[in-house]
Amino acid sequence: MNCFTEPAESAATLHRPGMRALLAAVDVGGIDVVFADAMDRISRSQAGIATLYERLRFRGIILATRKEGEVTPLHIGMMGTINAEQLSATSEKTRDALVRRHAMGKNPGGSAYGYEKRIEHDGNGERIRGLQQIVPAEAAVVVRIFESYAAGLSPMAITRQLNAESVPSPRSGRTTRHPLGKAAAWTPNTLTGNAARGTGILNNPLYMGLRPYAKQTYRKNPDTGKRHAFINSEEKRADVVEAPDLRIVSVALWEKVKAQQTKLARGPLSQTAAPALPFYSQQRPRYLLTGKMTCGSCGASYAKSGKSRFGCQGAAKKGPTWCDNRVTIRQDELDARVLTGLSTEMLRNDVVAAFLAEYETETRRLATETVSTRPEREVELANLDRQISLAKAAILKGVDAAMFVEDMKVWNERHKVLLAEQDAAQTASTESQLLHFDLGRLYREKVGHLTAAFLDDALKAQAFERLRALIDAVVLTPEEGGLAIDLRGELASMLSLCAGAETQKASAGVSEEALQIKMVAGTGFEPVTFRL
């Protein structure tokens with residue numbers, strides 16, 4: 001028996017750690033009953049509870065709760081609607097209460113940098129919610145930021161000074177998610193934020209003693225469960241409330257900063273300034289390693305630093321106290337070293353030998369498992385065919401077809417799954433031949449052909465995408481005045497590269513072998529998450 005718990009998690013979405021673990025266990029199999037305290041503990045979303053119920057029902061799993069007993073389609077329709085309505089009503093009442101708190105001059109949300117909660121109690125000993133007070137040390141930093149920006153310093157220069165002096169950032173006291181465990185630091189975006197949404201230290205009107213509210217609203221994406229902000233129209237926003245006791249920045253300094261922002265603002269390019277690029281050109285990475293380079297010292301990204309060089313963005317934007325890696329590298333040198341590494345270091349013979357041995361073992365295990373379950377699969381297919389035939393016969397005799405709608409859906413889906421498993425078993429022997437015994441040599445030859453095509457203008461675009469697919473990450477670490485490059489490849493893409501090819505027309509000076517760029521990946525290779 002497995003137990004899945006979710007303390008302090010909302011049931012408004014299925015995108016929760018405990019629920020994801022439950023669904024993973026359901027997909028693996030071996031579960032007969034899913035039991036919960038009540039349906040609203042599983043999900044308060046109509047679509048979510050219905051999706052979960054159909055998913056369990058498809059696998060023959062019973063959904064039951066202490067409150068409702070065994071859950072039926074009637075429960076899904078009625079209780080699902082009631083639970084969703086209760087959630088909506090609770091959300092609306094919470095928003096109304098926050099609007100009333102704001103109208104009373106109190107804080108309806110969290111505390112911005114420079115402020116903290118003020119604890120006071122009423123005559124009954126109850127805590128008075130929504131009170132704030134200024135934090136003097138943080139307020140001094142806010143004033144310094146405003147004055148520096150008004151004096152002409154850039155946000156990057158200001159943040160580098162703050163980081164150099166080890167001034168705690170707004171998120172410095174929170175749990176860090178940095179891969180190397182570094183504490184949060186000041187960044188230019190901390191200051192500039194988004195002027196339209198009122199985010200960022202330089203755009204917060206509370207520093208001038210004005211408290212707006214309901215400038216934006218949040219809604220959850222049903223596909224991911226993540227919140228997204230949407231700007232409210234003017235009529236949906238609450239009136240701005242004055243809070244003179246919370247003023248940190250003078251009106252004159254605020255207006256200087258706004259004037260500086262207006263002067264430096266970059267408006268949208270006119271149609272005549274530059275021709276609009278097609279959608280594909282706007283989305284396509286500009287360089288071979290765009291988005292794949294990280295600094296080995298601080299974990300920040302390596303990006304364009306000058307006309308033709310790449311450098312650590314952590315060192316450039318946050319200063320030497322965050323990262324002292326100031327070593328840059330030319331784009332052509334980096335591309336050449338990475339392409340050489342792809343040809344010589346990836347899929348070495350010893351790595352290929354170990355992988356092929358593991359692959360052969362796993363293939364034999366799956367083949368044995370497939371053969372052992374073949375009789376059961378054939379019996380289930382025959383039973384499904386008989387059930388579908390009987391249902392069709394009953395409908396032809398005049399029985400109401402609506403009685404079989406749900407069952408027919410389940411039977412057809414299960415029938416598709418069994419046929420797919422049958423086809424996979426029949427093609428397993430063919431798929432095992434995709435891994436050539438001389439895989440390393442074949443891979444190196446094709447990477448060489450791709451490299452040659454990458455240097456040819458007519459074929460560069462196609463080779464560009466294929467080469468990027470082979471590279472998972474590039475870590476650049478300073479070493480003896482230069483950069484050591486740790487190249488990490490995507491094994492699934494390497495195997496698909498070796499599976500086959502389609503030839504295309506060559507331009508002058510490029511061999512026919514160099515044109516084998518658009519490779520057809522082998523089907524059915526699992527798992528796809530192997531790394532080298």
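How many helices and strands are there in the chain? Let's work that out, then look at some single residues.

**Before you start.** This is a predicted model, where local features need pLDDT of at least 70 and side-chain atom pairs count only at pLDDT 80 or more, while totals for chains, interfaces and linings use all residues. Residues are numbered from 1 along each chain as its sequence is written, and side-chain values use heavy atoms, with hydrogens and water left out.

**Exercise 1. Describe the chain as a whole.**

Step 1: Take the elements. The chain has 16 helices and 15 strands; these are DSSP runs numbered from the N terminus, with helices being H or I of at least four residues and strands being E of at least two.

Step 2: Look at burial. Of the 532 residues, 33% are buried (buried is under 20% relative accessible area, exposed is over 50%, partly exposed is in between, with a 1.4 Å probe and protein chains only).

Step 3: Check the contacts, meaning heavy atoms within 4.5 Å. Take those between residues at least 6 apart in sequence: 61% of them join residues at least 24 apart.

**Exercise 2. Find out where Ser166 and Glu480 sit, and what their phi values are.**

Step 1: Start with Ser166. Its loop runs between α6 (155-164) and α7 (188-192). Phi is near 60 degrees, a positive value in a residue other than glycine.

Step 2: Is Ser166 buried or exposed? Ser166 has 59% relative accessibility, so it counts as exposed.

Step 3: Now do Glu480, in the loop between β14 (471-479) and β15 (482-489). Here phi is near 55 degrees, again positive in a non-glycine residue. Glu480 is exposed because its relative accessible area is 84%.

**Exercise 3. Describe how α5 and α6 pack.**

Step 1: Get the geometry. Helix α5 (residues 136-150) packs with α6 at an angle of about 145 degrees, and the axes are 10 Å apart. Axes are lines fitted to C-alpha atoms, for helices over the stretch in contact, and angles run from 0 to 180 degrees between N-to-C directions.

Step 2: Is the crossing left-handed or right-handed? The crossing of α5 and α6 is right-handed (the near helix is turned clockwise from the far one by less than a right angle; anticlockwise would be left-handed).

Step 3: Name the residues in touch. From α5 come Val141, Arg144, Ile145, Ser148 and Tyr149, and from α6 come Pro155, Ile158, Gln161 and Leu162.

**Exercise 4. Follow the contacts of Gln260, Gln261 and Asn203.**

Step 1: Place the two glutamines. Gln260 belongs to helix α8 (residues 251-264), and Gln261 is in α8 too.

Step 2: Judge their burial. Gln260 has a relative accessible area of 13%, so it is buried. Gln261 is buried as well, at 18%.

Step 3: List partners, skipping neighbours within four places in sequence. Gln260 is in contact with Tyr149 and Gly152, while Gln261 touches Tyr149, Leu202 and Asn203.

Step 4: Move on to Asn203, in the loop between α7 and β6 (210-213). Asn203 counts as buried because its relative accessibility is 7%. Leaving out those sequence neighbours again, its contacts include Thr192, Trp254, Lys258 and Gln261.

Step 5: How far apart are the C-alpha atoms of Asn203 and Lys258? They are separated by 8.5 Å, with their positions 55 residues apart along the chain.
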